[in-house]
Amino acid sequence: MNIVFYGAREYDHLYFDALAADPAYGCTIRFLSANLDADTAPLAAGSEAVCAFVNSDCSAPVLETLSGAGVRLLLMRCAGFNNVDLPAAERCGITVLRVPGYSPEAVAEHAMALALAANRRVCKGYIKVRNNNFALDGLLGHNFFGGTAGIVGTGRIGAAMARICAGFGMTVLAYDVYPNPELEGLARYVSLEELLRASDLVSLHCPLNAATHHLIGADTIPLMRDTATLVNTSRGGLIDTDALITALRRRKFAGVGLDVYEDEDGQVFEDFSDDVLRNEVVPVLLSFPNVVITSHQAFFTRTALRSIAQTTMENARAFACGEELKNEVRA
């Protein structure tokens, strides 16, 4: 199988190169630094499969171009697929496979790191010390021990976060349409309203769809405690950015940690250090001392990259061999 790998970075070669050389997979990978979009889709001509990421454009026009180029398989090297037009993929005869669980702990650990950094003003404290300022003014935080953690979405990542919070000595509340039996005895399932009202830490781990879009917004933010810490390592659209900024200006939240945010697609994974950001969201959010933002890096550990590569290649092999496609997603 010939695979065109879009949006390749140096770290992608760490594990994909070795697996591509393994005869068991019988494939050739052509790495492109360009991301998948309407302009780059024709570059897949002559290949049976393309490998895309969470920031790729997998809209109907792009999928139609890929189909016309002979592509029959879309390998998403990530868990999320909200950027894929699944009905269009089905119409085009393109099978979509994903990596549902590469390293739940990687994302959960980063979520807690964001929570701690935002709550304890770690970034601000570091900058002060770099400037020889050892005063504690502006660095006052809250204890998580003895508090309540609210986990919204209790799949593999949410469950891992629940275990971390329990380890911090927190009472764990959970909200999910489908309760996770693994959390029995560790977390108590409640309504979203009760979770938001009672939690000192709210961490989002649910997929982005029509039901969860702006789950945290003008109607739900007032339910939350003014001293709560809000963390999002899932999808930016779960939080209404305008409502969040309005709340922050009213001194809502002890801390906010974001690894994702709305309208990040144009800049995620790119270097704008010598340029001007066209997106105004990040500068506005960073103007608040209790907000910490990272660059969609929650997944970014060696363990996760290895797992992503292995599962992606196994997906490709299963498709080529006509085996059961355990990680297929459909409309």
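Visitor: Before we start, what does "buried" mean here?
Guide: Buried means under 20% relative accessible area. One more thing up front: this is a predicted model.

Visitor: OK, strand β3 then. Are its two faces covered or open?
Guide: Both faces of β3, residues 49-52, are covered. A49 and C51 are buried on one side, and V50 and A52 are buried on the other.

Visitor: Which strands does β3 pair with, and in what sense?
Guide: With β1, residues 2-5, β3 pairs in the parallel sense over three bridges. With β4, residues 73-76, the pairing is also parallel, over four bridges.

Visitor: Which residues are the partners?
Guide: On the β1 side, V4 has V50 as its bridge partner. On the β4 side, A49 stands opposite L73.

Visitor: And how does the chain cross from β3 to β4?
Guide: The chain goes through helix α2, residues 60-68, and this β-α-β crossover is right-handed.

Visitor: Switching to helices. How many residues of α4 are buried?
Guide: Twelve of its 16 residues, so α4 counts as mostly covered, given that buried means under 20% relative accessible area. Among them are P104, H110, M112 and N119.

Visitor: What span should α4 have, and what does the model give?
Guide: At 1.5 Å a residue, the 16 residues of α4 (104-119) should span 22 Å. The end C-alpha atoms are 23 Å apart, which agrees. Just after α4, R121 takes a positive phi of about 55 degrees.

Visitor: Same check for α6?
Guide: The twelve residues of α6, 156-167, should span 16 Å at 1.5 Å a residue, and the end C-alpha atoms are 17 Å apart, so that agrees too. α6 is followed by G169, with a positive phi near 80 degrees.

Visitor: What do the buried residues of α6 pack against?
Guide: They pack against α4, β6 (148-152), β7 (171-175) and β9. The buried residues themselves are G158, A159, A160, M161, A162 and C165.

Visitor: Now H205. Where does it lie?
Guide: H205 is in the loop between β9 (201-204) and β10 (229-232).

Visitor: Is H205 buried or exposed?
Guide: Buried, because its relative accessible area is 10% and the cut-off is under 20%.

Visitor: Which side chain does H205 have a polar contact with?
Guide: The side chain of S203, at 2.7 Å.

Visitor: And what is H205 in contact with further along the sequence?
Guide: Leaving aside neighbours within four places in sequence, H205 is in contact with A111, I151, V152, G153, I157, G158, M161, T233 and S234. Of those, A111 is one of the buried residues of α4, while G158 and M161 are among the buried residues of α6.

Technical notes. Residues are numbered from 1 along each chain as its sequence is written. This is a predicted model: local features need pLDDT of at least 70, side-chain atom pairs count only at pLDDT 80 or more; totals for chains, interfaces and linings use all residues. Side-chain values use heavy atoms; hydrogens and water are left out. The expected span of a helix is 1.5 Å times one less than its number of residues. Buried means under 20% relative accessible area, exposed over 50%, partly exposed in between (1.4 Å probe, protein chains only). A polar contact is a pair of N or O atoms within 3.5 Å; within protein, one must be able to donate a hydrogen and the other to accept it, and residues adjacent in sequence count only if both atoms are side-chain atoms. Contact means heavy atoms within 4.5 Å. Two strands pair if DSSP finds at least two bridges between them. A crossover is right-handed if, with the strands pointing away from the viewer, the path from the first strand over the helix to the second runs clockwise.
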